[in-house]
Amino acid sequence: MKPLLGMRVLALDNAADGALARLFDSFGAQVSPVQTPTLADELPRADFLIEGIGLPALRRAGFTRERIEQINPRLIHVSVTTFGSHAPRAEWTGGELIASAMGGTLRVTGDDDRPPVKEALDACWFHADMVAAAGAMASLVELANTGRGQHVDISVQEVAFSRNVNGVLVWQFDRRKLHRVGGALNYGRATVRCIWPLADGFCFHTLMTGRFGAPANQALSDWIDAAGLPNPLRAVDWTQYNRSTLDPQLRREWERAIETFFATRTRQEISTEGRRRGINATVVAEPSDVLADPHLEARKFWASDARGQRKPSRFVAIVAGAQPVQTSARVSDRPGPLSGLRVLDFSWALVGSITTKVLGDLGCDVIKVETRSRPCLSRIDVQVSASRADSFDDKPWFAHLNTSKRSLALDLKLPGSREVLDPLLEWADIVVENFSPGTMAKLGLDYASLQQRNPGVIMVSGSVFGQTGPLAESWGVDGTGAALSGRTFLTGWPDRNPVIPGAVPYGDVIVPYVMAAATSAAVEQRRRTGTGCHIDAAMYEICVQQMHDAIVAAAQGNRPQRHGNDDPGIFHQGVYAAAGDDQWIAICLPSRADWERLCALIGLDPKGSPRDAEPGLNAWSRQHAAHTLMEQLQGAGIAAGVVQDIEDLIERDPQIAARNALIDLQHPLLGTFGHVRTPMSFSASVTAPYRAPSIGEHSLAIAKDLCGLSASRIEELERLGVFR
């Protein structure tokens, strides 16, 4: 199913080469490259304009927003720029490295004895393109209701900042900061190692908290025993394990044993015996491995270019429903481009929760179905001192990720739960879930079953590997997608082991925007055709899309390697120490002319190579405060950015403040604090997110008002434990 078939997208300048253009193409739109001199002639026949130069540059070229609206008032215009089109730094010079530095992701990536190191390829820009896609598709839904197009403005810096939820909450509540820890992840109170050398490569593995991780953790312990190696993990009750509260000394003992064990295993053993045993370990793949993956082959993921070489194709798989239905727009008092749409949310952990947060923040009425017997990981993981292990409602992590939702606590194992659930299945336009494939079918809630009750429903499923293929039911987390796609292998220094590509989640936060974009596109498709659909989003495949250029290079016979902070498409860039402890500045010089301008500014000989000039550049940068250097270089038209930590971002960054990247909401247990907003700005739409719910906060009201149950029946169901 191609939900945008027949629509035309103008891609200005190099926007035609980006991920946003590829996503539009995968949805069936015709993407046409355009240059500024011919833009006025092309705009009247376009549905979308996508560009990466922003409103100030367009204005200088003679295209104000007013003129664009006059030419085509129905146009949806999308800008994706380093700092966004508005606020004090809108006209600063940037790029991928600068956005990563200024957005806080660079700060927590790499080894602590070297400069911070960027993630593989265009990680921040790709993420921003997916956010832009969600904003564009939401605007398309609103266009059908209002007849009005609009501008969607995306700041790559703000999008990068939005990934830092853990960093934000530990600063807000405990005034602590996360630090780069190489091949580990920093979870507030705990640092958990994730990258392990094998006998012939590397693997990703992490011990996970509670019931969610218990089977895989036990499987690893059993395998260590079977290998006859020392095993301090033996006899641990993994259902009680909490990564945030484990004694650090005990963790070090465990990790020494895990390291010894993995050093005796091969990549082949991890892929076969490890998978058979069900441990949470994944080989760190190279791009060539991705091209040969039987799972992607089975899912028919690949397309061919003009030379017959493989390249990534779709972003999501969409299967159309069989029975068209009559649909009509609903009036709602909630503002936002998706106002009037109803979402039944079976999400858990990050992917589904962020998807429905986006939909809710953009105006959907979202009911989150959850249970106290298997609460969301973000309701139980104690990361800050304000939270307690015995409460489901005092976790700022959950609060950040679940704004704009109502909570229905429901034990789906009890027959009486269907009296509450079944009316909601008919109420919903959209059903979102991110359980392991097969789980919804066991509950009688798979797409085929939902269609029988609600033929026009749009079902959205997010998982690591997708709903089909040989790995569909395999265990995986955010780092799994990074490891399998080549992201991990290509992040780090060429003379060292790979590091975690972003010590803040990546797959977990980009997949939701793809899911939200596909959902809104499907809503527009249903409006036109009456047909619902099932959207199958696989984190693995979306991470492979981010690795597009490396995958294409591997298909051409190359072997991409780690480059540290270098970029083959940039004349020179790097991260340099500034005055003070662990203070850094990122500098990007796209051309030799930029290099020569920098040399003139600081008194270096421009004739030599930048590599030869590194000692002088480092000596110069160490003499100055990072923020002073940034202002000086940006004033000279040179792309530079402080490698900001979370304190810089929250307390001192005028761009983040002006874009309202954190919005204050009052929480009943935690008080008022800034919540990460859905990072998109609309010229016409107004959004009004509200705080995340306590577990089951709205159960009884939903049962009465939406399900039509009597007070006596609600009381009986409550006595039976249905609302648990």
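**Close-up 1. Helix 6 sits largely enclosed by the rest of the structure.** In this predicted model, 20 of the 24 residues of helix 6 are buried, and that is why we can call the helix largely enclosed. Follow helix 6 along residues 123-146 and try a small check of its length: at 1.5 Å a residue, its 24 residues should span 34 Å. The end C-alpha atoms are 35 Å apart, which agrees with that expectation. Just after the helix comes Gly147, with a positive phi of about 75°.

**Close-up 2. Seven strands line up in an open sheet.** Read across the sheet and you meet the strands in the order 13-19-18-17-14-15-16, with mixed pairing. Which strands stand at the edges? They are strand 13 (317-320) and strand 16 (406-409); each has a single partner strand, so one side of each is left without a neighbour in the sheet. From one strand to the next, the twist averages 20°.

**Close-up 3. Strand 15 and strand 16 run parallel.** Here you can look at how strand 16 is held to its partner: four bridges join it to strand 15, which covers residues 365-370. To pick out one pair by eye, find Glu370 and then its bridge partner in strand 16, Ala409.

**Close-up 4. Helix 21 lies across three strands of the model.** The helix, made of residues 507-529, lies across strand 17 (430-433), strand 18 (458-463) and strand 19 (533-538). Its direction makes an angle of about 165° with strand 18. Is helix 21 mostly covered or mostly uncovered? It is mostly covered, with 20 of its 23 residues buried. You can repeat the length check here: at 1.5 Å a residue, the 23 residues should span 33 Å, and the end C-alpha atoms are 32 Å apart, which agrees. Gly530 follows the helix and has a positive phi, near 80°.

**Close-up 5. Helix 21 meets helix 22.** The axes of helix 21 and helix 22 (residues 539-546) come within 10 Å and cross at roughly 95°. That makes the two helices roughly perpendicular. Which residues meet here? From helix 21 come Gly507, Asp508, Ile510, Val511 and Val514, while helix 22 brings Met539, Ile542 and Cys543. Sorted by class, this contact has six nonpolar, one polar and one charged residues.

Note on methods
Residues numbered from 1 in each chain as written. Predicted model: local features only at pLDDT ≥ 70, side-chain atom pairs only at ≥ 80, totals over all residues. Heavy atoms only, no water. Pairing = 2+ DSSP bridges. Axes fitted to C-alpha atoms, helices over the stretch in contact; angles between N-to-C directions. Contact = heavy atoms within 4.5 Å. Expected span 1.5 Å × (residues − 1). Buried < 20%, exposed > 50% of the residue type's maximum accessible area, 1.4 Å probe, protein only. Parallel < 35°, antiparallel > 145°, perpendicular 65-115°, else oblique. Nonpolar A, V, L, I, M, F, W, Y, C, P; charged D, E, K, R; others polar.
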